[in-house]
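Here is a friendly briefing to read alongside the model. Please keep the viewer open as you go through the points.

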Amino acid sequence: MVGGTRGIGLAVAELLAAQGARVVVNGRDPDAVHEAAQRVSGIGQAGSPADPQVADALVDACVAEFGSIDILINCAGTAEPAGSSIVNATSAEFRELLDAHLLTAFEVARAAAPHMVRQRSGAIVNTSSFAFLGDYGGTGYPAGKGGVNGLTLAVAAELKAHNVRANVVCPGARTRLSTGADYEQHVTDLNRRGLLDDASLAGALDAGPPEYVAPTYAYLASDLAMDVTGRIFIAAGGFVGEFARPAPGFIGYRDHHDTAPYTVEEVHGLIGTR
């Protein structure tokens, strides 16, 4: 359980434990890891799994303690700095956000996948965000979450033949990342700019607790979802939804065997006037 010490991650860890799973809890704060592990009667492993050695140690601890790794859930993440934008973000800040989201998802999947392939079973559930759409500000956070989506779809395709599943949840819940004056000002400003509709604003300001999100993660980790893979779901309060898989739409066509390339003006005629 990566990022399992607070918020959504802790709610998922507690629900899995209540369902009979044996849980390894990970987080960067050793004290929080110890407390969370006690709450779920599991074991704790502190550190950032963006570090390959930490990711390997996390998976090794699970296999050594429980004999296998059947479920990998990644809820790790960190917020974009307030006011962050492409015009002021530093390279270091951008890399830190990619590490926290995309690199963490990659490293733990890299460490766990060989075990799951050998046992021909396993479920991976990664955490993304509505922010991958790019509408909600910042650069590193949406880039990292968009990368998590692409990575998870690739893992699902690669491991499907080995009976290993991979899915994404884009959660909405009241956590430390979605409370406080800065957060409220941010979402209100998005609404003012037309990037967040009134219904979404109301939901963002009155999000349900993490316990309402946890069942979707638990379902995707369970045998009930054995035929569900390569999909991006939404869980926010009482709402469960899904992002449709992107598909190309038709704009124009000409056969390259017997026609010249489009001119720039012709491309404008196809795209710019739509």
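The points below cover a sheet, the helices across it, a helix pair and a salt bridge. Please bear in mind that this is a predicted model. Its open sheet has 5 strands in the order β3-β4-β5-β6-β7, with mixed pairing. Away from strand pairing, helix α1 (residues 7-18) packs with helix α8 (residues 214-221), and Glu 14 forms a salt bridge with Arg 39.

**The sheet**

- Strands of a sheet pair through backbone hydrogen bonds, and the pairing is either parallel or antiparallel.
- β3 (71-74) and β7 (239-243) are the edge strands, each of them pairing on one side only.
- On average, neighbouring strands of this sheet are turned by 20° against each other, with direction ignored.
- At the β3 edge, 4 bridges join β3 to β4 (residues 122-127), and these two strands run parallel.
- If you want a residue pair to look at here, Ile 73 has Val 125 in β4 as its bridge partner.
- At the β7 edge, β6 and β7 run antiparallel and are joined by 5 bridges.
- Here Ala 236 stands opposite Phe 239 in β7.
- The hairpin of β6 and β7 has 2 residues between the strands, and in this hairpin Gly 237 takes a positive phi near 60°.

**Helices across the sheet**

- Helix α4 (residues 91-119) lies across β3, β4 and β5 (164-172), and runs at about 180° to β3.
- Helix α5 (residues 140-159) lies across β4, β5 and β6 (232-236), and its direction is at about 155° to β5.

**The α1 and α8 pair**

- Two packed helices are described by the angle between their axes and the distance between the axes.
- For α1 and α8, the angle is about 55° and the axes are 9 Å apart.
- That angle makes α1 oblique to α8.
- The crossing of α1 and α8 is right-handed.
- On the α1 side, the contact is made by Ile 8, Ala 11, Val 12, Leu 15 and Leu 16, and on the α8 side by Ala 214, Pro 215, Tyr 217, Ala 218 and Ala 221.
- Sorted by class, this contact of α1 with α8 has 10 nonpolar residues, no polar ones and no charged ones.

**Salt bridges**

- The count of salt bridges comes to 5.
- In the salt bridge of Glu 14 with Arg 39, the closest N and O atoms are 2.7 Å apart.
- Glu 14 lies in helix α1 and Arg 39 in helix α2 (residues 30-39), so this pair ties together parts that are 25 residues apart in sequence.

Conventions: Residues numbered from 1 in each chain as written. Predicted model: local features only at pLDDT ≥ 70, side-chain atom pairs only at ≥ 80, totals over all residues. Heavy atoms only, no water. Axes fitted to C-alpha atoms, helices over the stretch in contact; angles between N-to-C directions. Parallel < 35°, antiparallel > 145°, perpendicular 65-115°, else oblique. Left-handed = near helix turned anticlockwise from the far one by under 90°. Contact = heavy atoms within 4.5 Å. Nonpolar A, V, L, I, M, F, W, Y, C, P; charged D, E, K, R; others polar. Pairing = 2+ DSSP bridges. Salt bridge = Lys/Arg side-chain N within 4 Å of Asp/Glu carboxyl O.
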